[in-house]
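Subject: Structure for you to look at

Hello,

Here is the structure I said I would pass on. Please open it and keep it beside you while you read the notes below.

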Amino acid sequence: MALEDGVRPLEQGVRTDFSAAMDYGSYLSLDSLLAAQHPLTDHPDELLFIVQHQTTELWFKLVLHELEGVRACFDADDVRRARKGLARVKHIFRTLTEQWSVLATLTPSEYAEFRGDLGSASGFQSHQYRAVEFVLGNKNAAMLNVFDAHPEARATLARILESPTVYDAFLRHLARQGHPVPTGILDRDVTRAWVESAELVPVLAEIYADTTAHWEAYATCEDLVDLEDAFQLWRFRHLRTVQRTIGFKTGTGGSSGVAFLQRALELTFFPELYTVRNSVGG
C-alpha cells in the first residue's frame, strides 16, 4: 500500500466506529486496568514498582486458574489436558523470572527514595501467591491469619487449604491406573503440608525403571519436575533482585528479607521426584 505524505492509509474493511460495538479497550476493561496504578510519591520509579507487582498478580491469577484445572484433569484421568496445563504454568513462571530483570533496573538509591512510603505493604501478603503454594503442597494454616482483614482472600485460601493438591490428584490418578500408591498417602490429611514419603519412592522408581511401559506417568512426573524447577528459578531470581536492591535489610512486611527468601529455596513440592533419581540406573 503506497504511502501518502508519509502516512499509511487504513486498509479497507478496518472498523473504526465502535459507538455500538465492543472494542479492544472495553473487552479488556482497560479504563479500570490502566487507572489502577496509584503511586504514593512523585518518584518516577514508583510506577515501575507498582506495574511489576500488579502484572505478577495477574500472572498468579492465571497460574492458580491453570493449576486448579490441572487438578481437575487428573481427577478425571485426563492426563493430556493436565500436561498441557502444567506446560503452560511452567512457561508463565519463565516469563515471571525474566520479569525480575526489569525491576532489577531499580537501584538501591532510587528505591530508598520511596520505600518508606510503602509502610508494611509486602509481597508476603499476596494471597494469590499463597494460594499457588497451597495448591502445589506448601500448606500452612497459620497463613490464613494474615488475611483476616480481607475475608474473600481468606476464604479462597481456606478453600484451597482444605482441597487436595495437584500432587495428591496425580498420585490418586496413578493409583486408579494400578500403581501401588500407599493407602496412607491417598487418605492423608490434605490440609497439611506435603512431607516426603519414603513409601512412595519405590512406586515412582518402578515407573522410571520402565519408561516404555509407563510412558504417560513418567512424562507427567517430568512435567512436574519442570514446573518445580521453573518455580524455584523464579524464587531464586526474586531473592537476587531483593538482595541487589535492599541488601540484607528487613522486609517491609517484617520478614528477614533475603534470609527469608533463602529458606524458601529449601522447600520442594514433589520431593520424591527428586529422591527417585538416586535409584535410576542402579
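Please keep in mind that this is a predicted model. I start with one residue and work outwards.

Leaving aside its neighbours within four places in sequence, F93 is in contact with seven residues to look up: F60, V63, V132, L227, A230, F231 and W234. F93 also belongs to the largest nonpolar core, which has 66 residues; L67, F93 and Y167 touch the most other members. Helices that each supply at least two residues of this core include α3 (46-75), α4 (79-103), α6 (127-136) and α11 (215-246). The biggest contribution comes from α11, with 11 residues.

Next, look at how α3 and α6 pack. Their axes are 9 Å apart and meet at an angle of about 25 degrees. Angles under 35 degrees count as roughly parallel, so α3 is roughly parallel to α6. The crossing of the two helices is left-handed.

Which residues in α3 and α6 meet? From α3 they are E57, F60, K61, V63, L64, L67, E68 and R71, and from α6 they are Q128, Y129, A131, V132, V135 and L136. By type, the residues of this contact divide into 9 nonpolar, 1 polar and 4 charged.

Last, a residue to compare with your own view of the model. L58 lies in helix α3. Is L58 buried or partly exposed? L58 has a relative accessible area of 48%, so it is partly exposed. Between L58 and L161 there are 21 Å in space, C-alpha to C-alpha, and the two are 103 residues apart in sequence.

Regards

Definitions and conventions: Residues numbered from 1 in each chain as written. Predicted model: local features only at pLDDT ≥ 70, side-chain atom pairs only at ≥ 80, totals over all residues. Heavy atoms only, no water. Core = buried A, V, L, I, M, F, W, Y, C linked by side-chain atoms within 4.5 Å. Buried < 20%, exposed > 50% of the residue type's maximum accessible area, 1.4 Å probe, protein only. Helix = DSSP H or I, 4+ residues; strand = E, 2+ residues; numbered from the N terminus. Contact = heavy atoms within 4.5 Å. Axes fitted to C-alpha atoms, helices over the stretch in contact; angles between N-to-C directions. Parallel < 35°, antiparallel > 145°, perpendicular 65-115°, else oblique. Left-handed = near helix turned anticlockwise from the far one by under 90°. Nonpolar A, V, L, I, M, F, W, Y, C, P; charged D, E, K, R; others polar.
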